[in-house]
Amino acid sequence: MPLLPPGCRDERGIALVMALLVLLVISLLSVTLLMTVHVEGKVSALSTRQMQALSLAEAGVAEAVSLIRSGDIPTNTNPRQVAQIFNTIPGSVP
């Protein structure tokens with residue numbers, strides 16, 4: 001068995017333990033970052049879809065108001081009267 005110089009303790013495995021701890025911390029940080037990016041992407045896609053839906057709904061209401069004001073949809077006293085507005089190219093109503 002080799003003799004250790006004075007003041008030197010048996011610390012042969014500490015570098016490996018420290019390297020593993022550093023790798024663990026870096027791995028946890030990278031996983032956290034990837035999860036955050038994934039969630040932010042989903043939130044962004046949902047926000048975009050919500051804005052598109054709101055724009056389409058507002059356009060439909062504006063078109064309905066325009067048709068009612070122009071007289072294209074008759075107004076009478078029938079409480080069950082229904083008018084349908086389709087979001088298609090004119091002339092291609094299903």
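Reading the labels on a predicted single-helix chain

Colleague: Why is Gln 84 called exposed?

Modeller: In this predicted model, Gln 84 has a relative accessible area of 61%, and since exposed means over 50%, the residue is therefore classed as exposed. Gln 84 is found in the segment after helix 1, and its C-alpha atom is separated by 9.6 Å from that of Ile 73, eleven residues apart along the chain.

Colleague: What makes Leu 21 partly exposed?

Modeller: Leu 21, which lies in helix 1, has a relative accessible area of 45%; buried means under 20% and exposed over 50%, so Leu 21 falls in between and is called partly exposed.

Colleague: Which residues form a nonpolar patch on the surface with Leu 21?

Modeller: The patch is formed by Leu 21 together with Ile 14, Val 17, Met 18, Leu 24 and Leu 28, and together these residues have about 560 Å² of accessible area.

Colleague: How do you know that the reach of helix 1 is close to the expected one?

Modeller: Helix 1 has 57 residues, and from its first C-alpha to its last it reaches 84 Å; the expected span is 1.5 Å times one less than the number of residues, which gives 84 Å here, so the two values agree closely. After the helix comes Gly 71, with a positive phi near 90 degrees.

Colleague: How much of the chain is buried?

Modeller: Of the 94 residues in the chain, 1% are buried, while the chain exposes about 8900 Å², with 67% of that supplied by carbon and sulfur atoms.

Technical notes:
Residues numbered from 1 in each chain as written. Predicted model: local features only at pLDDT ≥ 70, side-chain atom pairs only at ≥ 80, totals over all residues. Heavy atoms only, no water. Patch = residues over 30% accessible without salt bridge, like charges linked within 9 Å, V, L, I, M, F, W, Y side chains within 5 Å. Areas by Shrake-Rupley, 256 points an atom, 1.4 Å probe, with all protein chains shown as cover. Salt bridge = Lys/Arg side-chain N within 4 Å of Asp/Glu carboxyl O. Helix = DSSP H or I, 4+ residues; strand = E, 2+ residues; numbered from the N terminus. Buried < 20%, exposed > 50% of the residue type's maximum accessible area, 1.4 Å probe, protein only.
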